[in-house]
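Hi,

Here is the structure I said I'd pass on. Have a look at it first, and my notes follow underneath.

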Amino acid sequence: MWMCGYGLSNSTVGIIGLGRIGLAIAQRLKPFGVKKFLYTGRQPRPERAAVVNAEYVPCEKLTEDSDFVIVSCSLTPETEGLCNKDFFQRMKKTSVFINISRGTAVNQEDLYQALVSGQIAAAGLDVTAPEPLPKTHPLLSLKNCVILPHIGSATFSTRNTMSVLAVNNLLRGLAGQEMPSELKL
Ligand SMILES: NC(=O)c1ccc[n+]([C@@H]2O[C@H](COP(=O)([O-])OP(=O)(O)OC[C@H]3O[C@@H](n4cnc5c(N)ncnc54)[C@H](OP(=O)(O)O)[C@@H]3O)[C@@H](O)[C@H]2O)c1
């Protein structure tokens, strides 16, 4: 059984934050035979949920029932440190934790303990706090934790699209015109 892991076929996948990225992830996972999608957020999002037939549940139920827990929510005062000891204790010992949102949504010491103690099976992190993690960070010593250097958007095509968007935003803003992606503060 060396190098074996858990598959998506017949699994329950829980998505924290069914926004643009959360839904895009669900759509890509669906063909792998996911049995059920759960999601949570500040409120139900029926139109998005309908695309993958996802069920809205409280965060507690999502963590208890999911085989894969995926964090794709915005970082806000409510979500900072959301994935802590209590959160991991609710997860199944066979479950996998994924974070693609922002590093500080996770209490990394609690995650480390959950992975070392076998409270959860494994973790995959595209984001950490800080970035990059120091080479001596305990999470980097674990066999059941895969860490990427925040490369979720790292394709030539996506980075070019992001650059064009930023430039157009700037030019329109300087010209006093409506911006294509205005950040409303
Ligand atoms: N790894 C990467 O390379 C990468 C690239 C781009 C973005 N990101 C990160 O990915 C995240 C999502 O981006 P996006 O573009 O999908 O944003 P988005 O479309 O605005 O979606 C954000 C989601 O967060 C949810 N949310 C907000 N507060 C929440 C709470 N308290 N509990 C649970 N869910 C909550 C929202 O759900 P409701 O509105 O229904 O509450 C919404 O579904 C962001 O943190 C972003 O920084 C990472």
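The backbone of G152 has a polar atom 3.4 Å from an oxygen atom of the ligand, which I count as a polar contact (a pair of N or O atoms within 3.5 Å; within protein, one must be able to donate a hydrogen and the other to accept it, and residues adjacent in sequence count only if both atoms are side-chain atoms). On its own the ligand has 930 Å² of accessible area, and the protein covers 81% of that (Shrake-Rupley method, 1.4 Å probe; for residues, only the protein chains shown count as cover). Side chains join in too: R102 has an N or O atom 3.1 Å from a ligand oxygen, and a polar side-chain atom of H150 lies 3.4 Å from an oxygen of the ligand.

Before going on, the small print. This is a predicted model, where local features need pLDDT of at least 70 and side-chain atom pairs count only at pLDDT 80 or more, while totals for chains, interfaces and linings use all residues. Residues are numbered from 1 along each chain as its sequence is written, and side-chain values use heavy atoms, with hydrogens and water left out.

Back to the ligand: 23 residues surround it, each with a heavy atom within 4 Å. The closest are I21, R42, R45, C73 and D126. By class, that shell holds six nonpolar, eleven polar and six charged residues (nonpolar: Ala, Val, Leu, Ile, Met, Phe, Trp, Tyr, Cys and Pro; charged: Asp, Glu, Lys and Arg; polar: the others, Gly among them).

Now the sheet. It is open, with seven parallel strands in the order β3-β2-β1-β4-β5-β6-β7; strands are DSSP runs (E, at least two residues; helices are H or I, at least four), numbered from the N terminus, and two strands pair if DSSP finds at least two bridges between them. At the edges sit β3 (54-56) and β7 (145-147), each pairing on one side only. Strand β6 (residues 122-125) pairs with β7 over three bridges, and one of the bridge pairs is A123 with C145.

The loop between β6 and β7 is worth a look. P130 is in that loop, and the A129 to P130 peptide bond is cis, with omega about 0 degrees. P132 is found there as well, again after a cis bond, this time from E131 with omega near -5 degrees.

One more backbone note: M3, in the segment before β1 (12-16), has a positive phi near 70 degrees although it is not a glycine.

Cheers
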